[in-house]
Amino acid sequence: METLNATQMRDMMLQVADAVVEAKEYLCEADRNIGDGDHGIGMAGGFEGVKQELAGKEFDDVYLVLSTVGRTMIRIMGGASGIIFGLLFYAGSKNMTAQKEITTAEFAEIFEKALVEIQAKGQAKVGDKTVIDALDPMVKALKESVAQNLSFKEMLNRAYLAAEEGKEASKAYVAKFGKAKALGERAVGFPDAGAVSLTVITKAMRDWAQENL
């Protein structure tokens with residue numbers, strides 16, 4: 001059975017951090033269309049902090065890598081985005097027994113727990129033009145990949161493609177939350193900025209797996 005160890009998880013999250021920092025202007029542009037345009041600044045700042053917490057450090061617990069990422073983002077970013085993207089990594093890794101490596105099933109479970117907790121906090125569902133539009137299909141793809149006994153490489157590719165589809169679908173929705181809610185129909189045609197961020201994150205995970213597994 002294929003596993004991902006703590007060092008690999010750290011390296012993957014460092015690649016995610018680099019990708020998000022690099023996408024700062026792209027994420028601000030996505031937010032400018034239907035928000036206040038600072039989403040990329042917050043995301044890049046959070047992941048700059050993640051790089052400082054992870055780089056050059058050795059880890060022997062996969063869950064500690066992810067909880068470190070999540071806690072750092074909540075601490076640095078604050079606000080709704082900090083909580084949402086912090087919980088993406090923290091919700092499924094907190095209070096977990098230390099593991100040197102995890103299976104594809106355990107990986108999928110991390111993000112399933114994140115989806116549940118993010119929805120419990122914000123009450124958003126698919127179609128409300130939030131990060132859930134990309135996260136829900138991503139989690140479904142992870143679980144389907146586990147059921148089909150796919151490798152991490154294949155699983156992460158499918159997760160990215162599902163998140164991308166969800167992001168594209170969010171263009172058609174009228175926002176029910178956040179600043180975009182005030183725009184009503186004028187927000188139609190643009191994707192949710194949080195969903196855009198999730199595709200950047202999942203693409204970086206996919207790319208790391210393609211290069212390293």
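**Exercise 1. Locate K129, and state the sign of its phi and whether the residue is buried or exposed.**

Solution. Step 1: K129 is placed in the loop between α6 and α7 (132–147). Helices here are DSSP runs of H or I with at least four residues, numbered from the N terminus. The model is predicted, so local features need pLDDT of at least 70 and side-chain atom pairs count only at pLDDT 80 or more, whereas totals for chains, interfaces and linings use all residues. Residues are numbered from 1 along each chain as its sequence is written, and side-chain values use heavy atoms, with hydrogens and water left out.

Step 2: The phi of K129 is near 60 degrees, which is a positive value in a residue other than glycine. Most residues other than glycine have a negative phi.

Step 3: K129 has 2% relative accessibility and therefore counts as buried. Buried means under 20% relative accessible area, exposed over 50%, and partly exposed in between, with a 1.4 Å probe and protein chains only.

**Exercise 2. Determine where N149 lies, and whether N149 is buried or exposed.**

Solution. Step 1: N149 lies in the loop between α7 and α8. Step 2: The phi of N149 is near 60 degrees, again a positive value in a residue other than glycine. Step 3: With 68% relative accessibility, N149 counts as exposed.

**Exercise 3. Describe the aromatic pairs that involve F107.**

Solution. Step 1: Rings of Phe, Tyr and Trp (its six-membered ring) pair if their centres lie within 6.5 Å; planes under 30 degrees apart count as stacked, over 60 as edge-to-face and the rest as tilted. This rule gives four aromatic pairs.

Step 2: For F107 and F111, the ring centres are 5.1 Å apart and the planes stand at 50 degrees, so this pair is tilted. F107 and F111 are four residues apart in helix α6 (residues 104–122), and therefore about one helical turn separates them. F107 is buried, with a relative accessible area of 1%, and F111 also counts as buried, at 1%.

Step 3: For F107 and F152, the centres are 5.7 Å apart and the planes stand at 90 degrees, so this pair is edge-to-face. Because F107 lies in helix α6 and F152 in helix α8 (residues 152–170), the pair ties together parts that are 45 residues apart in sequence. F152 is buried, with a relative accessible area of 0%.

Step 4: Ring pairs link F107, F111 and F152 with F47 and F89 into a cluster.

**Exercise 4. Characterise helix α1 and its crossing with helix α4.**

Solution. Step 1: Helix α1 (residues 6–22) has 17 residues and reaches 24 Å from its first C-alpha to its last, close to the 24 Å expected at 1.5 Å a residue. The expected span is 1.5 Å times one less than the number of residues.

Step 2: The buried residues of α1 include M9, M12, M13 and L14.

Step 3: The axes of α1 and helix α4 (residues 62–77) come within 8 Å and cross at roughly 25 degrees. Axes are lines fitted to C-alpha atoms, for helices over the stretch in contact, and angles run from 0 to 180 degrees between N-to-C directions.

Step 4: α1 and α4 are therefore roughly parallel to each other. Angles under 35 degrees count as roughly parallel, over 145 as roughly antiparallel, 65 to 115 as roughly perpendicular and the rest as oblique.

Key
Helices (H or I, at least four residues) and strands (E, at least two) are DSSP runs, numbered from the N terminus.
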